[in-house]
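Hello,

Below is the structure I said I would pass on. My notes on one part of it follow.

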Amino acid sequence: MPQCEMCGAESSSLTTTKVEGAELDLCDECSDFGTEVRTESSSSSSTKYSTSSSSGSSSSSQSASGGSSSGGSTRRRDMFDDMEEVATDYDERIRTAREDRGWTQEDLANELNEKASLIRKLERGDVLPSDEVQTKLERELDISLSEGASGDDSDWSGGSSTTTTLGDVVKRKD
């Protein structure tokens, strides 16, 4: 028997309801929290993504077979692929370049027309430089603070057998 995706109650009839932008299959009691979604059976089978459990299994099997025919795990490129990332050791690069010139943090701040407190925070690694400040630092100190758009997707697992959960990523504040 299907379960309500909000409260978990088993119900013989579930209603597809839009709640906070997500379409869920809900029981009659929980469907009051959103608006009922009226879909035609032909349009739901032609959509690329679906939240209903009956058509979701067929669309996921279609996408899995389509993905395996390409011969590897590929993902769509997006705007973030072309962006350069700030280097992890940006704070050391800034401090080293400043000290090589014999400047104090205040001297560098005056050259960049920024506050000395910003330079202190950058060198401690407390804040990331904005694009504008990064450009000023790179130009003034003749350094690069970017790791660049490497195009290396070695971290992208794209369907590996290991599953990362929220508990693997989040650190608790106990």
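**Helix H4 and its surroundings**

Asp 107 sits in helix H4, which spans residues 105–112. Please keep in mind that this is a predicted model.

Asp 107 is partly exposed, because its relative accessible area is 33% and the partly exposed class runs between the 20% and 50% limits. From Asp 107 to Ile 119 the C-alpha to C-alpha distance is 10.0 Å, with the two residues twelve apart in sequence.

The buried residues of H4 are Gln 105, Leu 108, Ala 109 and Leu 112. They are on the same side of H4, because the arc they cover around the axis is only 100°. In an α-helix, with 3.6 residues a turn, residues three or four places apart point the same way. The buried residues of H4 pack against three helices: H3 (90–100), H5 (116–124) and H6.

For H6 (residues 131–141), I have the geometry as well. Its axis and that of H4 come within 10 Å and cross at roughly 110°. H4 is therefore roughly perpendicular to H6, since angles of 65 to 115 degrees count as such. On the H4 side the contact involves Leu 108, Glu 111 and Leu 112, and on the H6 side Lys 136, Leu 137, Glu 140 and Leu 141. By type, the residues of this contact are four nonpolar, three charged and no polar.

One backbone detail remains: Asn 113, just after H4, has a positive phi of about 60°.

Regards

Methods: Residues numbered from 1 in each chain as written. Predicted model: local features only at pLDDT ≥ 70, side-chain atom pairs only at ≥ 80, totals over all residues. Heavy atoms only, no water. Helix = DSSP H or I, 4+ residues; strand = E, 2+ residues; numbered from the N terminus. Buried < 20%, exposed > 50% of the residue type's maximum accessible area, 1.4 Å probe, protein only. Axes fitted to C-alpha atoms, helices over the stretch in contact; angles between N-to-C directions. Parallel < 35°, antiparallel > 145°, perpendicular 65-115°, else oblique. Contact = heavy atoms within 4.5 Å. Nonpolar A, V, L, I, M, F, W, Y, C, P; charged D, E, K, R; others polar. Arc of directions from axis to C-beta.
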